[in-house]
Amino acid sequence: MLKYIIKRVLLMLMVFLIIVSMCFVLIKLLPTKPAIQFGKDMQLIEMRREALGYNKPLIEQYMIFVRRSLLGGDWGISESLYIGQEVMTKFLEKMPATVVVNSYTMLFATPLGLLLGIYAALRKNKWQDHIISVAVIVFVSVPSYVYAFLVQYFLSFRLKWFPFQMQPGYDFLSFKTFVSLVPAILSLGFGIVAGLTRYTRAELTEVLTSEFLLLARTKGLSRAQTTVRHALRNAMVPIFPMILGEFIGIIGGSLIIEQIFGIPGVGPLYVASVTASPPDYNFFMLLSAFYTLVGLVSGILVDISYGFIDPRIRMGSKK
Amino acid sequence: MSEKNMKEIPASKFAFVDMSDRMHDRKLETKPVGYFKDVAMRFARNRGSVVAAGIIFLLVCFAVFVPIFAETTYSRALTDTMYLNYGKLPPKSKALAWLGLDGMAEYTVNTHDYYALRAIGEETGLDPVVEVYREAYQDPTASQNARFYDVKVDTYYRMGMLYLTMTPAEYEALQVWQDETGIQVIYPAVSDAKQTDPNVWYQADRKGAPTIKDGHLVPIYRTTTPTDTSYHSLRIPSDNDPEKPYAYAKVTGTASARSYVVRICKYNFFLYRYGFEPEFMFGTSARGQDILTRLASGARFSFLLALFVSSINLTIGALYGAVEGYYGGATDLLMERIADVLGGIPFIVVTTLFQLHLANKVGPIVALLFAFVLTGWLGMASRVRVQFYRFKGQEYILAARTLGASDGRLMFKHIFPNSMGTIITGSVLVIPGVIFSESSLTYLGIINLESSTMTSVGTMLANGRAYLSTDPYIIMFPALFISLLMISFNLFGNGLRDAFNPSLRGVE
């Protein structure tokens, strides 16, 4: 198992390095704005550029980039968005909002999705199942920003239950902030609940119709016992990694919702850095690397967690 | 019962079926059911998917035909500066008025605004106040002197007046049209030089509170001398003093370049300029663009892009996956690593890089297309690869190889048709994904496709969001369109997948 994990992690790091290098080269090929245009910050930025070796050949710049940014964690200084500020500091400042919103969402969506899925599987082909299936198709398909509009219009504007946008400030854990985050959590969560419901229902119905469950019943276990002890445990084998992957993936995946509800997270930072003129390349570089890493890590975690949950599935371990 | 004693049937009751020496196979009487026919039959049994297919067909028709047939002189005049004057008109359609698309809105207004609305009706005859639910009531939370009215307002009539600067030729042409049709567009100028609101034609104080004399508003139309020839045309009924006719325009500019500042009725001016009474089935956006034709052209763009991307991805993915799956081994390993790297790049980063690099050279659409193609084929390739792994070891392939079939023939003549179902389902499911990504990216503003002639659903949503609470219909139709599209494509795709899946045959 350990060998397998090490192999996967090394492979992932290799892919990560290749992608980041590609991004680096592609970003370096873009035209940069002369430092003169930055006014009084000119000297500071000029000095930073000098320190980062912007006037050296591309290969040398790449070496500096690997040493300083990838290994040292110094990703340079913002040149157009937050002029003069450290990119990494700003990024870490934005991180908690994203994490908080997504954690709340997962905390609400995961149990609900599992429960609905289990309920639908137990009531298979009855009217409850049909209603849930139709709702699932609708909620899986409709884009999250459409929920955002609906939630904002009905809950925030018409009923005035929640504010339109997240409360400003940095006390993310206070109750008031939580209330102001409810619209965002709902809009983000609907799709996840529906996806999880569908997946759970599919997995559980497959297990429920298998023969070992019939055996368990004939041995005298009640229906609830077989469902909880045998069926659910087996159905969780593919479901748990999915939840894990979803959780990691969602950290980078709520660009639009964060934008709509004014959450000072990573998503708006990315959009702002790209749409600024000129685009803030240092932010773009850091966030590209971040999104790449998030995607890769979620993939690898899913694969490894399969092996942990069910020792029979240790993919590639016997190669 | 006794007659049908099956155990003891007398020999005389038996007859020979066939007495000839040779036996022949009977020709099948029923028609053979081929693979695709079987798929179609099983698809048709899935009612939800059939309905979804119907909805998709309707949406495609909407995107194709609306820009052709619902084009008006208004929606075609794309760079018209008059557009801004017709912004935020709610949906109105004579045919669909029973659905609530009647251009009406309900408001609570204060006394000033109520009189202002009434004044528009009194001057032009197009009364914006359709119904008064509650008259002159006090609101306990507001000032004791204030009175409020709950009214139903025709928002198309509420547009009221506008100061428009015209050249002499335009002014003359408008007068000729007025004389021909008898519809009043130009209304008299007012004598209060400080009054900037074109809707005020009556005596009012600085705050806009009108002076009421005998229950009527007091007009402050500017008068002129009978010899003034700057206006000859239609006059409003109160203009009946030949010694002091109303002045209908403020003349500015020099003698060689004269221009007329006239007070025009927006509703009737629309009729003059575009040849039909203003009526927008889906309303107009904040910039005055007709949402119906705009949405249809955005939808058409989305569909075309999705079809294009889907077909390119299908080709690349099928070829790549076929080579991977067929040759296997080191080739597969190498190609899989390349796919891994490409698949590891987040889509949003790919799009941004392409936009930054190529948008200025080849335009944002082509750059977007490249972004979709760069990583989009990966899913198709992996699906085809799996199919090839499944089929390449089977006996019929071995038989074909023994007969001397080349690699290419084996791949595309023998294995490929077997993975057809996966490929078709895959390329159908790609379409909603492309439309969703495109609308998200344009919504975020990472890609800007907005121009006077083109738009995308995402941009329409982004533009409408600011008016969510005041004019929700601006965002409603694009949101409805994209939701309907996603739902029906997903249903349709699921139906196709089930129909193509041979393991489900006979299970349903």
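This passage describes the fold of chain A, its interface with chain B, and selected local features of both chains. The model is predicted.

Chain A is built from twelve helices and zero strands. Its order along the sequence is α-α-α-α-α-α-α-α-α-α-α-α. The C-alpha atoms occupy a box of roughly 80 × 60 × 30 Å along the principal axes. Of the 319 residues in chain A, 48% are buried. Contacts in chain A were also sorted by sequence separation. Among those between residues at least 6 apart, 73% link residues at least 24 apart. The exposed surface of chain A comes to about 15,900 Å². Carbon and sulfur atoms account for 68% of that surface. Chain A carries 30 positive and 18 negative charges. The mean positions of the two sets lie 11 Å apart.

Chain A meets chain B through 40 of its residues, which contact 33 residues of chain B. The area buried between the two chains is about 3,100 Å². Carbon and sulfur atoms give 81% of this buried area. On the chain A side, S141(A), Y145(A) and F149(A) supply 18% of the area that chain A buries against chain B, more than any other three residues.

Two loop residues of chain A have positive phi without being glycine. N125(A) has a phi of about 65°. N125(A) sits in the loop between α4 (87-122) and α5 (127-141) of chain A. With a relative accessible area of 53%, N125(A) is exposed, because the cut-off for exposed is over 50%. K160(A) has a phi of about 60°. The loop that holds K160(A) runs between α6 (144-158) and α7 (175-208) of chain A. K160(A) is likewise exposed, at 63% relative accessibility.

In chain B, helix α9 spans residues 329-344. At 1.5 Å a residue, its 16 residues should cover 22 Å. The end C-alpha atoms are 22 Å apart, so the expected and modelled spans agree. Buried positions in α9(B) are D332(B), M335(B), E336(B), A339(B), V341(B), L342(B) and G344(B). An α-helix has 3.6 residues a turn, so residues three or four places apart point the same way. Cover for the buried residues of α9(B) comes from both chains. It includes α1 (2-28) and α12 (281-309) of chain A. From chain B, it includes α8 (291-327) and α11 (364-392).

Helix α7 of chain B, residues 266-274, is largely enclosed by the rest of the structure, because seven of its nine residues are buried. The buried residues are K266(B), Y267(B), N268(B), F269(B), F270(B), L271(B) and Y274(B). Both helices and strands of chain B take part in covering them. Among the helices are α3 (73-76), α5 (155-158) and α6 (168-181). The strands include β4 (161-166) and β9 (258-265). G275(B) follows α7(B) and has a positive phi, near 85°.

I236(B) lies in the loop between β7 (216-217) and β8 (249-253) of chain B. Despite this loop position, I236(B) is buried, with a relative accessible area of 8%. The cut-off for buried is under 20%. Leaving out residues up to four places away in sequence, I236(B) touches Q184(B), Y187(B), P188(B), Y221(B), Y246(B) and Y248(B). I236(B) and D154(B) are 82 residues apart in sequence. Their C-alpha atoms are 23 Å apart in space.

Technical notes
Residues are numbered from 1 along each chain as its sequence is written. Chains are lettered from A and ligands numbered from 1 in the order in which they are written. This is a predicted model: local features need pLDDT of at least 70, side-chain atom pairs count only at pLDDT 80 or more; totals for chains, interfaces and linings use all residues. Side-chain values use heavy atoms; hydrogens and water are left out. Helices (H or I, at least four residues) and strands (E, at least two) are DSSP runs, numbered from the N terminus. The expected span of a helix is 1.5 Å times one less than its number of residues. Buried means under 20% relative accessible area, exposed over 50%, partly exposed in between (1.4 Å probe, protein chains only). Contact means heavy atoms within 4.5 Å. Accessible areas come from the Shrake-Rupley method with a 1.4 Å probe; for residues, only the protein chains shown count as cover. Lys and Arg count as positive and Asp and Glu as negative; His and the chain ends are not counted. The place of a charge is taken as NZ of Lys, CZ of Arg, CG of Asp or CD of Glu. Buried area is the accessible area (1.4 Å probe) that two parts lose on being put together, summed over both.
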